[in-house]
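Please open the structure in your viewer and keep the selection tool at hand. We will go from stop to stop, and at each one you will hear what to select and what is there.

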Amino acid sequence: MDRASLPDARLKRRLSRVLEQLSAQPTESIPAASGTWADTKAAYRLFDNDRVDAVDILDGHSRATLRRIAGEPVVLLVQDTTFLSDIRDLQGRGVGTLRLTKRAEYLLHPSVAFSESRVNLGVLGHHFWQRPAERAGRRRAVCPLEEKESHRWLLGYDMACALQALHPDTRVVSVADREGDIYEGFLAGEFDERVSDRAGYLIRAQHDRRVAQSANRSLWETLAQAPVLGQTRVSITQRPGRRARVATLNVRSRTVTFHRTRRRGRPATSVTVTAVYARESQPLAGETALEWMLLTNLPVDHFAAAQRLIGWYQARWEIEIYH
Ligand SMILES: [Mn+2]
């Protein structure tokens, strides 16, 4: 806490006390966790203080995170969005899902660094916003990319590249789930021999894009026809609609090119990525086959490389635990 960038020592002491009290009883309200009226008032004054914001509070932690990253051969910078709701609103409503509380809903999109063995190295930044009142579908049609929520994924990748530039001896990999399947992100991640600051990315595919060099077949069709490089076994936990099991996955990989036609004055472009497709070879009766279609800018020239990437993607689950 000493390293938080706050304007004076009194604020640092107060922040330290508030964090101690809230972390000791994280499920309590602020007055209950604070214990006394004086501490409660002081906590609210700190939150209202215009000279204190989340970036300042996180600053010392981020610098400690950067120091921990320095020794790691591989750093997985996982980004993901979580919904934060006003707890008072939920209590007033009784049973319900977080998504029902529209007006009290905030979105938080942090980037959390993990080592290859899944040690949490710390949080490196976040975006925090509230959705506008208009319906999302309408906004999507009229807004340029920068104004859409998808922009946060590109900023997360920029952060991974900044980290890669700081730590040339560490392989930094930006990891994202299907929401991060954004064409502009693949363009941003193109390696160029002259620029060594491109971080790796590992993104689960959502869109069944057309593949240019595959007789106009789609991504899934193309990968299903690639030869099996090998098999990997993963243990999966039980979730709604899915039984716990050790699954054997067939692993395939191919480099594919996606074209994009000219639109809104932007030139036509194409981008080449490598797909790693892991699919359960013999799904249990009545269960859908477990599968991951992962897209990356990292080389996958043999089975072990593909298997390693699948392991890195599984580490993404750690951010759900963090949330
Ligand atoms: Mn997500």
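Start by selecting Thr40, which lies in helix H3. Helices (H or I, at least four residues) and strands (E, at least two) are DSSP runs, numbered from the N terminus. Thr40 counts as buried, because its relative accessibility is 3%. For this tour, buried means under 20% relative accessible area, exposed over 50%, and partly exposed in between, using a 1.4 Å probe and protein chains only. Now add Val18 to the selection: the C-alpha atoms of Thr40 and Val18 are separated by 8.9 Å, while the two residues are 22 apart along the chain.

Before moving on, a word on what you are looking at. This is a predicted model, in which local features need pLDDT of at least 70 and side-chain atom pairs count only at pLDDT 80 or more, while totals for chains, interfaces and linings use all residues. Residues are numbered from 1 along each chain as its sequence is written, and side-chain values use heavy atoms, with hydrogens and water left out.

**A positive patch**

Next, select Arg10, Arg13, Lys41 and Arg45, which form a positive surface patch. Patches are made of residues with over 30% relative accessible area and no salt bridge; like charges are joined within 9 Å, and nonpolar side chains (Val, Leu, Ile, Met, Phe, Trp, Tyr) within 5 Å. Lys and Arg count as positive and Asp and Glu as negative, with His and the chain ends not counted. The place of a charge is NZ of Lys, CZ of Arg, CG of Asp or CD of Glu. Which elements give two or more residues to the positive patch? They are helix H1 (9-24) and helix H3 (37-48). Zoom in on Arg13, which sits in helix H1. Is Arg13 buried or exposed? With 56% relative accessibility, Arg13 counts as exposed.

**A nonpolar patch**

Now pick Leu84, Tyr106 and Phe128, which make a nonpolar surface patch of about 270 Å². Accessible areas come from the Shrake-Rupley method with a 1.4 Å probe, and for residues only the protein chains shown count as cover. Tyr106 belongs to strand S3 (residues 105-115) and is partly exposed, at a relative accessible area of 32%.

Move on to Arg118, found in the loop between S3 and strand S4 (120-130). What is special about its backbone? Phi of Arg118 is near 70°, a positive value in a residue other than glycine. Most residues other than glycine have a negative phi. Arg118 is partly exposed, with a relative accessible area of 32%.

**The manganese ion**

Select the manganese ion, then Asp80 and Asp177: these residues coordinate the ion through OD atoms at 2.1 to 2.2 Å. Asp80 lies in the loop between strand S1 (74-79) and strand S2 (82-85) and Asp177 in the loop between S5 and H8, so the pair ties together parts that are 97 residues apart in sequence. Donors here are N, O and S atoms within 2.8 Å of the metal (3.2 Å for Na, K and Ca); water is not among the atoms, so sites may look incomplete. Asp80 is buried, with a relative accessible area of 2%, and Asp177 also counts as buried, at 14%.

In the loop between S5 and H8 you can also pick Glu179. Glu179 counts as partly exposed at 41% relative accessibility. Add His207: the C-alpha atoms of Glu179 and His207 are separated by 9.9 Å, with their positions 28 residues apart along the chain.

**Salt bridges**

Keep Asp177 and add Arg316; the two form a salt bridge, with the closest N and O atoms 3.5 Å apart. This pair links distant parts of the chain, 139 residues apart: Arg316 is in the loop between helix H10 (303-314) and helix H11 (317-322). A salt bridge is a side-chain nitrogen of Lys or Arg within 4 Å of a carboxyl oxygen of Asp or Glu. By this rule the count comes to 13 salt bridges. Arg316 is buried, at 7% relative accessible area.

Now add Glu320, which forms a salt bridge with Arg316 at 2.9 Å between the closest N and O atoms. Glu320 is partly exposed, with a relative accessible area of 29%. Asp80, Asp177, Arg316 and Glu320 are linked in a network of salt bridges.

For the last stop, select Glu287 and Arg245, whose side chains meet in a salt bridge (3.1 Å, N to O). Glu287 lies in the loop between strand S9 (269-280) and strand S10 (291-296) and Arg245 in strand S8 (residues 245-260), so the pair joins parts 42 residues apart in sequence. Glu287 counts as buried at 13% relative accessibility, and Arg245 counts as buried at 11%.
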